[in-house]
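Grab your viewer and a notepad: here are some exercises to work through, each with a solution right below it. Try each one before you read on.

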Amino acid sequence: MSNVIFSQKLYDAAQNVVDGCMGDADPACQTACPMHTDVKQYVRLAGEGKYQEALDTIRGKLFLPQTLGRICAHPCEAACRRNTEYGQAISVAGIKRFVAEKMDNKENWDLAILNPTGKHVAIVGAGPAGAQAAIELRRKGHDVTIYEKLDVYGGMMRVGIPEYRLPRNVIDFEFSYLEMLGITTKFGVEIGKDISFEDLRNTHDAVVLAHGAHVGSIIPLPGHKAEGVFSAVEYLKEISETRAFPRAGKRVMVIGGGDVAMDCARSSWRIGADEVHQCSLEAMENLPASHVEIEESLEEGVAFNAGWGPISIEEKDGKVFSITLKRVISIFDETGNFAPTYADDTRTIEVDTVVFATGQVVADITGGALETGRGGRYVVDKNTLASSVSGVYVAGDACGGNIVIEAMALGRKAAMSIERQFAGRPLEEGRDFQEEYSYPSRLDIPLPKGTVDVPRLHGELRDAEERKRDFAQVDFGFTQEQVKQESTRCLQCTCKLCMSECIMMNDFGDCPKTLFGDFVNKKEMDPLLAYSCNACDQCTIVCPKDYPMKEIFLGARVDFVNANNGESPMKGHKAINMHQKLGFSKLFTMAKRAVTTK
């Protein structure tokens, strides 16, 4: 019935459901992923043995499934309910790696490209941010050229992540997708030296700067200029390229508590160190490195001095001789500013090599054309990644993406802005900026009944004493049986409890938000929907927000009857009308007047 005028009260009640219903809310693992990979879906498919379908789900978002299955900092796992409730997330990365290793085949890669647009885009940097931007833009039909200072793909993944964690053949395999799409890459070309930034701008319709942070940082401690002091960037790059670092000695101290520090420490064994030490302002329980990296470093014999900060490097004949540490009391002051304080306790460790894994800096390749901030990172509009120079955008670590999956999301974001530039539209138009990156999930539901803590599975590792002396892969990954078992730990988080209780509602939509959204937007409702409700209230009983769906359906019935001259709008309801009349008549009603006694 299109002529029904529903009450405002009914619309308000329905709007309340639309605004708050979590039936369409993505789980925390998906919203925490900057690329919004459908984790729940591919974990389920992998557990069912549907490996190709699982891979298709992954590759719908990510062109680096094997890489990310090994080295992603996996914010999805941090947000996993198994982690927030029990401290043991689903091994999402492990499942991703297994599926990709088993099924990924170039013949199945999506090479669809829209018609040529005649637009030319330059991208500086062949790391994850630049590659993702290139892929997005090439798929839209634009000509894309990547300019890479190195002679290989991968950027900092290639020269900053050791090959025992990320085999180089994996990078080459996955990055070959760029060539298959028709993206041109010019290796060994340094912008600002071989080609000026101005020339790059003048010969392309848009430019993306995604060249990462490849400049090492050394804290100016007393003795920091002694022979034997290196930055992590220099150290890891040379080791990645040559599997050696002849300038290093046999007793190494790595300063820092993040994953880069762990990579430096573990790589030191592999180039022949006899002792490897670590120190950091952060205490052991607060180290920023991933738990896996810390555990594997400990297994390999790295001596941790977490909570001990370096105060000086001693030298002898101009070479590093030892380093003195002081116990840290606090790192930040009451207002949150960096202001370390120390106790009087000190310890001196004899070392001949010191590696600073304390941060990296972005090199300015624009000759000062773009404003830079902390760490040399370019200042951009955080929503669009547009710089102050028209047609120039920044992505990845050059503007703040610290991990691979974040860099990829920023590359995608920059491409979205360029698309609007080419279309002559405002860069902000039609975008939900929250959903272009990580964001908190709206899903807030109780754990399913009967949920218990189940231990997380881990892939098999090579023996620590064996693996620490070579660059072969450390982690063998999951077996098929482990993937099946680990996937069962996934809670498949969703909020459609009402839909499992009410068969009727499933005939009209997938959740209350859909049902009542149509009602609010179109100002009409199928009478069958309202009259199908049997007023059992089970939907409200199981709803985490106690939405009174029954009251809305019954209220709609009233409005239907009022608009239909007191009659039901449903065909076949005339018999019910007669039944109601007879049921209330004195002739057919068998109820007796109550007899009262004094």
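Before counting, a convention: helices are DSSP runs of H or I with at least four residues, strands are runs of E with at least two, and both are numbered from the N terminus. On that basis the protein has 24 helices and 15 strands. Keep in mind that this is a predicted model.

**Exercise 1. Get the overall picture.**
Work out what share of the residues is buried, and what box the C-alpha atoms fill.

*Solution.*
- Step 1: the protein has 598 residues, and 50% of them count as buried.
- Step 2: along the principal axes, the C-alpha atoms take up a box of roughly 115 × 70 × 50 Å.
- Step 3: now look at contacts between residues at least 6 apart in sequence; 70% of these join residues at least 24 apart.

**Exercise 2. Describe how α1 and α20 pack.**
Find the angle between the axes of α1 and α20 and name the arrangement.

*Solution.*
- Step 1: two packed helices are described by the angle and the distance between their axes.
- Step 2: for α1 (residues 8-20) and α20 (residues 512-522), the axes come within 8 Å and cross at roughly 140 degrees.
- Step 3: angles over 145 degrees would count as roughly antiparallel, so α1 is oblique to α20.
- Step 4: the handedness of this crossing is left-handed.
- Step 5: on the α1 side, the contact is made by Leu10, Tyr11, Ala14, Gln15, Val17 and Val18. Facing them from α20 are Pro512, Lys513, Phe516, Gly517, Phe519 and Val520.
- Step 6: sort the contact of α1 with α20 by class and you get nine nonpolar, two polar and one charged residues.

**Exercise 3. Do the same for α9 and α11.**
Which word describes how α9 lies relative to α11?

*Solution.*
- Step 1: the axes of α9 (residues 128-139) and α11 (residues 168-181) come within 10 Å, crossing at roughly 30 degrees.
- Step 2: the cut-off for roughly parallel is under 35 degrees, so α9 is roughly parallel to α11.
- Step 3: α9 and α11 also make a left-handed crossing.
- Step 4: α9 brings Pro128, Ala131, Ile135, Arg138 and Arg139 to the contact, and α11 brings Phe175, Tyr177, Leu178 and Leu181.
- Step 5: in the contact of α9 with α11, seven residues are nonpolar, none is polar and two are charged.

Arg139 turns up again if you follow Leu114, a residue in the loop between α8 and β1 (120-124). Leu114 and Arg139 are 25 residues apart along the chain, with their C-alpha atoms separated by 6.1 Å. Leaving out residues up to four places away in sequence, Leu114 touches Arg139, Lys140 and Gly141.

**Exercise 4. Is α8 enclosed or open?**
Decide this from how many of the residues of α8 are buried.

*Solution.*
- Step 1: check the length; α8 (residues 92-103) has 12 residues and reaches 17 Å from its first C-alpha to its last, close to the 16 Å expected at 1.5 Å a residue.
- Step 2: list the buried residues of α8, which are Val92, Ala93, Gly94, Ile95, Lys96, Arg97, Phe98, Val99 and Ala100.
- Step 3: nine of the 12 residues of α8 are buried, so α8 is largely enclosed by the rest of the structure.
- Step 4: see what does the covering, which includes α3 (39-47), α4 (51-59), α5 (65-71), α6 (75-79) and α18 (480-487).

**Exercise 5. Look into two positive phi values.**
Where are Asp317 and Lys523 placed, and how accessible are Asp317 and Lys523?

*Solution.*
- Step 1: Asp317 is not a glycine, yet its phi is positive at about 55 degrees. Asp317 sits in the loop between β10 (308-316) and β11 (319-332).
- Step 2: Asp317 has 75% relative accessibility, so it counts as exposed.
- Step 3: Lys523, also not a glycine, has a positive phi of about 60 degrees. Lys523 belongs to the loop between α20 and α21 (527-532).
- Step 4: the relative accessible area of Lys523 is 45%, so Lys523 is partly exposed.

**Exercise 6. Classify Thr145 and Val542.**
Are they buried, partly exposed or exposed?

*Solution.*
- Step 1: Thr145, in strand β2 (residues 143-148), has a relative accessible area of 15% and is therefore buried.
- Step 2: beyond residues up to four places away in sequence, Thr145 touches Val121, Ala122, Ile123, Thr184 and Lys186.
- Step 3: Val542, in helix α22 (residues 538-542), comes to 22% and is therefore partly exposed.
- Step 4: setting aside neighbours within four places in sequence, Val542 is in contact with Leu497, Cys498 and Glu501.

Key: Residues are numbered from 1 along each chain as its sequence is written. This is a predicted model: local features need pLDDT of at least 70, side-chain atom pairs count only at pLDDT 80 or more; totals for chains, interfaces and linings use all residues. Side-chain values use heavy atoms; hydrogens and water are left out. Axes are lines fitted to C-alpha atoms, for helices over the stretch in contact, and angles run from 0 to 180 degrees between N-to-C directions. Angles under 35 degrees count as roughly parallel, over 145 as roughly antiparallel, 65 to 115 as roughly perpendicular and the rest as oblique. A crossing is left-handed if the near helix is turned anticlockwise from the far one by less than a right angle, and right-handed if clockwise. Contact means heavy atoms within 4.5 Å. Ala, Val, Leu, Ile, Met, Phe, Trp, Tyr, Cys and Pro count as nonpolar, Asp, Glu, Lys and Arg as charged, and the others, Gly among them, as polar. The expected span of a helix is 1.5 Å times one less than its number of residues. Buried means under 20% relative accessible area, exposed over 50%, partly exposed in between (1.4 Å probe, protein chains only).
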